[in-house]
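I opened my notebook today to look up a few things in one structure, a residue at a time. Come along and check each entry against the picture.

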Amino acid sequence: MRRIFYSVRMRAGRQSRHISGAEGIFSGKDEISQAARLYVERALSHPKGRPEAVSLKVELLDKKPLIITSLPVSTLEVNGMEDSRRKAAEMLLWLGISQRAVKTAFRILAGPGMRGAALVDIKTGRRMESDKKRGTRASRIGITKKALQILAGRLEERGIDNIRVKEALIVASKVMACPFIEAEFCISDNPDYTTGYIASRQTGYLRLPDIKRKGSPKGGRVFFVKEGARAAIITDFMEKTPVLVGKIAPVKGIIPFYEIKADNNRKPGRKEGLPAKDRARNGPA
Ligand code: COA
């Protein structure tokens with residue numbers, strides 16, 4: 001018999017302000033009820049305060065989730081905030097992202113938070129979302145029970161088994177499963193959490209400690225879009241295609257900048273763009 005999956009999503013807010021959100025993909029009555037209970041409990045005990053409304057959606061998925069492997073995790077060796085930001089910029093340039101696009105990303109991440117991620121053209125640095133306050137959200141995501149257990153064990157060995165890393169890794173793994181995205185750059189808008197990340201096929205999920213000053217509420221997400229890709233197709237994938245992390249890649253420790261570059265024998269090129277078949281499918285920009 002065909003397995004049926006549900007997307008379970010929770011969001012909590014106060015006076016139209018988003019306080020917290022959580023989601024997963026589950027199958028079977030017990031799993032779904034347990035997730036729903038945990039999400040509501042979480043919404044009611046969030047450090048950002050008591051919500052005025054908690055909304056819970058349990059939605060039958062009309063297609064089978066795409067099963068993916070999580071990105072490998074590592075942490076960049078940095079020496080304070082200046083060093084972390086400089087290395088993050090250098091890493092993005094090394095990934096083939098233009099100076100202009102890197103500048104745009106830092107500007108977005110220092111501005112007022114968005115409800116989703118910004119789409120930035122890798123070459124021109126141009127913003128591509130139609131609604132720049134909303135952006136594009138990676139949703140309909142989850143992780144299998146077994147993969148979550150393995151992930152927790154691997155993160156624990158490195159002393160980083162916390163919910164933020166797990167949830168961000170699931171988001172980043174879906175983002176990088178989109179063939180039109182070259183990389184993601186994320187800085188948490190949580191004032192107490194100063195570790196950001198760059199995600200790409202070359203670096204995996206690369207944690208960036210001290211990427212912002214403690215106490216700063218600024219942050220957000222930027223998805224760098226390959227040349228010729230269309231925002232609408234990316235948004236549709238990010239928001240509608242159900243993706244389930246079913247396999248876990250290795251979790252490494254702290255790595256110096258040069259080692260990450262040396263690990264990749266193929267320097268990613270700026271001209272890489274989309275593979276011909278994707279260009280054809282995606283049409284002109
Ligand atoms: N931040 C701020 N506001 C959010 C939000 C978020 N992460 N998610 C939802 N909202 C608010 C917005 O006002 C949104 O209206 P909009 O679509 O005009 O922006 C409204 O809630 C309804 O959003 P919708 O996508 O229909 O909510 P949902 O009930 O499907 O739940 C969440 C979505 C909250 C589960 C999902 O956004 C989420 O946070 N998932 C966890 C993973 C994650 O962090 N993804 C974001 C990556 S960019």
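**Entry 1: arginine 17**

I began with arginine 17, which touches Ala12 and Lys48 when residues up to four places away in sequence are not counted. By "touches" I mean contact, that is, heavy atoms within 4.5 Å. I found arginine 17 in strand β2. Strands here are DSSP runs of E with at least two residues, helices are runs of H or I with at least four residues, and both are numbered from the N terminus. Is arginine 17 buried, exposed or partly exposed? I noted that arginine 17 is partly exposed, because its relative accessible area is 44% and the bounds are under 20% for buried and over 50% for exposed, with partly exposed in between (1.4 Å probe, protein chains only). I also looked up a pair: the C-alpha atoms of arginine 17 and proline 51 are separated by 9.3 Å, and the two residues are 34 apart along the chain.

**A note on what I am reading**

This is a predicted model, where local features need pLDDT of at least 70, side-chain atom pairs count only at pLDDT 80 or more, and totals for chains, interfaces and linings use all residues. Residues are numbered from 1 along each chain as its sequence is written, and side-chain values use heavy atoms, with hydrogens and water left out.

**Entry 2: the two domains**

Next I looked at how the protein chain is divided, and found domain 1 (6-63) and domain 2 (67-282). The bounds come from an automatic or database domain assignment. I read 24 Å between the C-alpha centres of domain 1 and domain 2. How many residues of domain 1 are in contact with domain 2? I wrote down ten, and they are in contact with 13 residues of domain 2.

**Entry 3: the ligand**

Which residues come nearest to the ligand? Of the 14 residues around the ligand, I listed Arg9, Glu23, Arg115, Arg134 and Arg137 as the nearest. A residue counts as near if one of its heavy atoms lies within 4 Å of the molecule.

Then I went through some polar contacts, each a pair of N or O atoms within 3.5 Å. For glutamate 23, an N or O atom in the side chain is 2.7 Å from a nitrogen atom of the ligand. For arginine 137, I found a polar side-chain atom 2.8 Å from an oxygen atom of the ligand. Alanine 138 uses its backbone: an N or O atom there lies 3.1 Å from a nitrogen atom of the ligand. Taken alone, the ligand exposes 870 Å², and the protein buries 75% of that. Those areas come from the Shrake-Rupley method with a 1.4 Å probe.

Two elements, β1 (6-14) and β2 (17-26), give two or more residues to the shell around the ligand. I saw that β2 gives the most, with four residues. By kind, the shell divides into four nonpolar, two polar and eight charged residues. Here Ala, Val, Leu, Ile, Met, Phe, Trp, Tyr, Cys and Pro count as nonpolar, Asp, Glu, Lys and Arg as charged, and the others, Gly among them, as polar. Both domain 1 and domain 2 supply at least three residues to the shell.

**Entry 4: positive phi values**

Most residues other than glycine have a negative phi. Serine 16 caught my eye, with a positive phi of about 60° although it is not a glycine. I placed serine 16 in the loop between β1 and β2, and serine 16 is exposed, at 84% relative accessible area. Arginine 140 also has a positive phi, near 55°. Arginine 140 sits in the loop between β6 (118-121) and β7 (141-143) and is buried, with 14% relative accessible area.

**Entry 5: three buried residues**

I found serine 216 in the loop between β10 (204-208) and β11 (220-225). Serine 216 is buried at 9% relative accessible area, and leaving aside neighbours within four places in sequence, serine 216 is in contact with Asp189, Asn190 and Pro191.

Lysine 87 lies in helix α2 (residues 80-94) and is buried, at 14% relative accessible area. Not counting residues up to four places away in sequence, lysine 87 touches Leu76, Glu77, Val78 and Phe257.

My last stop was valine 251, in strand β13 (residues 251-255). Valine 251 counts as buried at 10% relative accessibility. With residues up to four places away in sequence not counted, valine 251 touches Val73, Arg154, Leu155, Arg158 and Ile160.

Notes. A polar contact is a pair of N or O atoms within 3.5 Å; within protein, one must be able to donate a hydrogen and the other to accept it, and residues adjacent in sequence count only if both atoms are side-chain atoms.
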